[in-house]
Amino acid sequence: MPNSPASATPLLTPADITPEVNLARVQAHCRLTVDQLKRYSHTRHLPKDTSTAPELDIGFGQERALKALKTALDINANGYHVFAAGENGLGKRTIISRLLKRSAKTAPTPNDWVYVHNFDDPRAPIALSLPAGEGLVLQGFVEALWQTTKKRLSQRFRSDHYQSEIEAIKNSAHQKESSAYDALSAEGLEYNLALTFRPSDNKAVFVHPSQLPSDDDNTPDNKAPESSNDGQQRRNFAQKNHMQKRLNQLTITLEQLEDEANDAIEALHRSIAERTLTPVFAPLRQHFAAQASVIAHLDAMFKDMVSHVERIVNADDEEFVASMLATTPSRYAVNVMVSHTPDSGAPVVFEDLPTHLNLLGHVEQITQLGTVTTDVSMIRSGALHRANGGFLLLEASHVLEHPYAWQGLKRALQARQIRLSSLEQMLTLTGSLSLAPAPIDLDVKVILLGEADLYYELLELEPEFDAVFKVRADFHDDVSRTDAHELALVAKMADIIHHAHLYPFDKSAQATLLEHLSLQAEDQDRLTLHSDRLIKLLHESNRHARLAGKTVVDANHVTQAIDDMDERSGYLRDLYWDELKNGQQLINTQGVAVGQVNALTVVSYADSEFGMPARLTAVIQPNVGAGEILDIERDVDLGGSIHAKGMLIMTSYLRALFSQHHTLNFSASLAFEQSYAHIDGDSATVSEACALLSALADVPINQSFAITGSMNQLGEIQAVGGINSKIAGFFDACREQGLTGEQGVIIPMANAKQLMLRDDIIEAVSEQRFVIYGVNSLREALTLMTGLPIDTLNKKKRYHKNTLFGKILRRLMLWEQNQEPTAAAEAEPAAATEAPAKKKRKKKPSKGDVPEATVPSEGETSTTTTKARYKVK
């Protein structure tokens, strides 16, 4: 059978399979030497201290990511934005910012953008683009222009010359009015009617001369004189009606005269304003002569000031008065959205709060006396405005946290325009009347920072994501551990030390840090590139050196810092060790037990993790079921999917191992004792197999050992994570209960290159007070745990009776033989039909072997069992 380890086992004589010889052979083969437990850093290639370290290569270890980033920067096409994928703490933002700043220095400086009032449509402010630095120049010019305009217009309109011209216009109008009244009054006298003004409302009326007020009585007599006859009365009435019509005509004429006077005054005002403003605007027109859009705005502003010169001078209108925090009325204000220093290169912007408003800008509003108002001066810029023409860095998770931020960013990048919109209207579908500023052209490279899982989620859930962010830059977690890379990491340390103003680190401190980085990478031949923990370790090591009165940091200071960090994160670990000391946690590090294994586990807590042994037990129920294995953790929803997968792989392996030789007439259950938290991962697969096989064979397991490892369906042991923490956890438990010299751990041989153990563990191994074995197969692990040969075959290719597998098959047969008579009676009909086969199988087995353990040759698969009525399940 291909997946049976027995098929690859060489034939041995009975003398070769004595437990002692077999155990010694496996121990010698699997024992790890002291040199395999940790890789130390040599100091011969390291600088004397970090002050003499080589210059930092900002792209060290991230060449793939930087190549992708440069590709995106070199392509000026829509959608070539970047998603920088990598774990948090790798320093993605620092690396990218430095690269972009280096690239931005030689890039052209983008234009300034300002918003100004639209005199034709005040609700739609105009966006003006100016050369770098000119936005502030225009703003300054306009503010100075306003102050000069107010001063000069005030002087002109208070001058004697202005007053005399106004008097002349008024006098001329008055003379014309008087002449018109005189002419009409003379015409009225022809009809014996006099023109007078009613005192009550000063209205001109025609009356009989007798009704004119006398010198003694200023009140006119409204009674008409008595006529001698009716004809005379009718004639007088007609004459008076005629003159009243003439008076109405005169009123229209007088209004025209008044309009002419007003027009003359307005013409005078415009003339004065034009003569006053023309020299004031001249410097601006000259300075911005090449900017057609600016000249057009200046012409519109000039025209508006001339048209509203009276309101400017009188300062009786809020539109022509500067607000409390401004120096210029909003209709003449220049709102600088973004301004750049000339020849300063392209901007590099990081927005740490990428809300919709902070990204795309917004229009502020104020409430005065219950009225909500806004104007062009209240338009506020966003990160896209500041980064326009350059680069914008954003944390992807932060963008997705805020409503409409992602939609706004995507829309702006696709349209290549920044269009301000009211978030209030987007959220409520209503909102108050606001401005609709003209859009601004957008030319920016956006770099999103996030983890790879988030990138895949966006690809799946956002259909347009790949069209907008076409370039993915992958950041690596670690690099190979070579002399060159160690030196490069020292350069990185030196850069951090320089910017943080820390003491220099000597060779020993550098070596200790490099070893710790290898421990964090969980590989002797790798170095982690995570910056967060390194920065924290440098600062805390510097603190210990300062407290010790030193000016150079050495290895002892680094070790102290590491110990401090472990102690701070060890609260939960200390609680566990207290329970172990008090006997609340049942862990045996001596003796033997059947179906009981010390499994190595890792507990993750917040930002820390630690290893601890856990008792794993297996219980067998003979003649119940057909080889089912109950995973208690999974059934109570404390086991994860990966843990369940490992259990199924182990179950499949055991079925393939024994079901062809005998029916699996048992059921079993496995559980982590005193475990009340969620368990996941397949690193307990080997320990579960050991506990189950021990219980099946009724063979005790040495409790001096703890074991970890994953396995496949072929019985091969695979690497697991957290190996250093797991070994440290069991070593501490053994030390707590007393090291006997026989204790140790069994780990996958594939994990040997991940070992970066503590020095006290290495010392114990060197002094033979602790041992570490690396195994490649379940057979080797079981040999070390039980001291027995596992699957040794005799000449007939049957398991020897003293092997573990032989004992298991014998117990399976024994359980079947011990079934109740009722079951045997029920099986008689089937037995009668199979009498020839039974007779053949009743042949007495030879001494020292198990007759049912017939194993097919390598590459052959057999499903034949010793009992024809049983089927493999």
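Let's start where helix 18 passes helix 19, in a right-handed crossing. Keep in mind as you look that this is a predicted model. Helix 18 covers residues 532-547 and helix 19 covers residues 555-568; their axes come within 8 Å and cross at roughly 115°. On the helix 18 side, the contact is made by Arg 533, Lys 536, Leu 537, Glu 540, Ser 541, Arg 543, His 544 and Ala 545. Helix 19 answers with His 557, Val 558, Gln 560, Ala 561, Ile 562, Asp 564, Met 565, Asp 566 and Arg 568. Sorted by class, this contact between helix 18 and helix 19 holds six nonpolar, four polar and seven charged residues.

Now let's go back towards the N terminus, to a sheet. Here three strands form an open sheet in the order 3-2-6, with antiparallel pairing. Strand 3 (126-130) and strand 6 (334-338) are its edge strands, each pairing on one side only. On average, neighbouring strands of this sheet are turned by 30° against each other, direction ignored. If you zoom in on strand 2 (residues 112-116), you will find five bridges joining it to strand 3 in the antiparallel sense. Within that pairing, Val 114 stands opposite Leu 128 of strand 3. Two helices pack on the sheet. Helix 4 (residues 134-157) touches strand 2, strand 3 and strand 6, and its direction makes about 165° with that of strand 6. Helix 7 (residues 292-307) touches strand 2 and strand 3, and its direction makes about 135° with that of strand 3.

Before moving on to the parallel strands, pause at a single lysine. Lys 410 sits in helix 12, which spans residues 405-415. Is Lys 410 buried or exposed? With a relative accessible area of 13%, Lys 410 counts as buried, because the cut-off for that label is under 20%. Which residues does Lys 410 contact, once its neighbours within four places in sequence are left aside? They are Glu 462, Glu 464 and Val 468.

The last stop is built around strand 28 (residues 744-748). This strand is mostly covered, with five of its five residues buried. Strand 28 has parallel pairings to look at with two strands. With strand 25 (residues 705-707), strand 28 shares three bridges in the parallel sense, and one pair to pick out is Ala 706 with its bridge partner Val 745 in strand 28. With strand 29 (residues 771-775), strand 28 shares five bridges, also parallel; here Pro 748 has Val 775 of strand 29 as its bridge partner. Follow the chain from strand 28 through helix 25 (residues 759-766) to strand 29, and you have traced a right-handed β-α-β unit.

Strand 29 is also the place of Ile 772, a good residue on which to finish. Ile 772 is buried, with a relative accessible area of 0%. Leaving aside its neighbours within four places in sequence, Ile 772 is in contact with Val 745, Ile 747, Leu 757 and Val 765, and also with Ile 727, Cys 30, Arg 31, Leu 32 and Leu 37. How far apart are Ile 772 and Thr 33 in sequence and in space? They are 739 residues apart in sequence, yet 8.3 Å apart in space, C-alpha to C-alpha.

Conventions: Residues are numbered from 1 along each chain as its sequence is written. This is a predicted model: local features need pLDDT of at least 70, side-chain atom pairs count only at pLDDT 80 or more; totals for chains, interfaces and linings use all residues. Side-chain values use heavy atoms; hydrogens and water are left out. Axes are lines fitted to C-alpha atoms, for helices over the stretch in contact, and angles run from 0 to 180 degrees between N-to-C directions. Helices (H or I, at least four residues) and strands (E, at least two) are DSSP runs, numbered from the N terminus. A crossing is left-handed if the near helix is turned anticlockwise from the far one by less than a right angle, and right-handed if clockwise. Contact means heavy atoms within 4.5 Å. Ala, Val, Leu, Ile, Met, Phe, Trp, Tyr, Cys and Pro count as nonpolar, Asp, Glu, Lys and Arg as charged, and the others, Gly among them, as polar. Buried means under 20% relative accessible area, exposed over 50%, partly exposed in between (1.4 Å probe, protein chains only). Two strands pair if DSSP finds at least two bridges between them. A crossover is right-handed if, with the strands pointing away from the viewer, the path from the first strand over the helix to the second runs clockwise.
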